Amino acid sequence: MTIKESKSPVLIFAPHGGGIEGGTSEIAKELSKQNALYLFESLKSKGSRDLHLTSTHFDEPTARKMVSKYDNVLSLHGYSGNEEHIFVGGTDRERAKKLTQLLNQNGFPAELITKGHDEIAGINPGNIANKNRTGKSIQLEISQPLRSAMFHSFTSKGRASSKTQTFYRFTNVLSTFASTSY
């Protein structure tokens, strides 16, 4: 687990890092240069997926404490998918809509989750990201193909040293959004 406090009003929350949802750790660490961070990573060489807990069941004590200190949570997740795509959800609907537009304007196919995707929408009050001070969060579900495009080597060891321009463009969009929207 990696945590970093910050005076930023935004907590970057990645509960499925390392081998659970590959690439989310690296994105979270990059965004933590300007924001607070909570990162849970599986470092197992095999079977990391076994450590996946849904956000409504994720109740690790340090995570609960970190989330409760911040007004805004940007939660990073991954899904399998067949194409480069991002689902944008969460309870902060106004900012989620703005982020969806910003991602699309910058060449990242994004879709604001409305109905029919309850399991990844990030709107359940039991979702740990929504247990912050305001109850407002944004949840990003980033497809496997898009996360793969962010690295020359998508292995656990390879990701740290093989970030692509796609990675830096993506994290720049999110950093700019966080610094100008909160």
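The accessible surface of the protein chain in this predicted model comes to about 8700 Å², and carbon and sulfur atoms hold 50% of that area. The chain has 182 residues, of which 50% count as buried. Among contacts with a separation of 6 or more, 76% join residues 24 or more positions apart in the sequence.

The secondary structure consists of 5 helices and 7 strands. From the start of the sequence to its end, the elements follow the order β-β-α-β-α-β-β-α-β-β-α-α.

One helix pair can be described in detail. Two packed helices are described by the angle between their axes and the distance between the axes. Helix α1 covers residues 24-31 and helix α5 covers residues 165-181; their axes come within 10 Å and cross at roughly 50 degrees. Angles under 35 degrees count as roughly parallel and 65 to 115 as roughly perpendicular, so α1 is oblique to α5. The crossing of α1 past α5 is right-handed.

The residues that meet in this contact are listed by helix below.

| Helix | Residues in the contact |
|---|---|
| α1 | Glu26, Ile27, Glu30 and Leu31 |
| α5 | Phe167, Tyr168, Phe170, Thr171, Leu174 and Ser175 |

By residue class, the contact of α1 with α5 divides into 6 nonpolar, 2 polar and 2 charged residues. The charged residues are Glu26 and Glu30 in α1, and the polar ones are Thr171 and Ser175 in α5. On the nonpolar side, α1 brings Ile27 and Leu31, while α5 brings Phe167, Tyr168, Phe170 and Leu174.

Terms used. Residues are numbered from 1 along each chain as its sequence is written. This is a predicted model: local features need pLDDT of at least 70, side-chain atom pairs count only at pLDDT 80 or more; totals for chains, interfaces and linings use all residues. Side-chain values use heavy atoms; hydrogens and water are left out. Helices (H or I, at least four residues) and strands (E, at least two) are DSSP runs, numbered from the N terminus. Buried means under 20% relative accessible area, exposed over 50%, partly exposed in between (1.4 Å probe, protein chains only). Contact means heavy atoms within 4.5 Å. Accessible areas come from the Shrake-Rupley method with a 1.4 Å probe; for residues, only the protein chains shown count as cover. Axes are lines fitted to C-alpha atoms, for helices over the stretch in contact, and angles run from 0 to 180 degrees between N-to-C directions. Angles under 35 degrees count as roughly parallel, over 145 as roughly antiparallel, 65 to 115 as roughly perpendicular and the rest as oblique. A crossing is left-handed if the near helix is turned anticlockwise from the far one by less than a right angle, and right-handed if clockwise.
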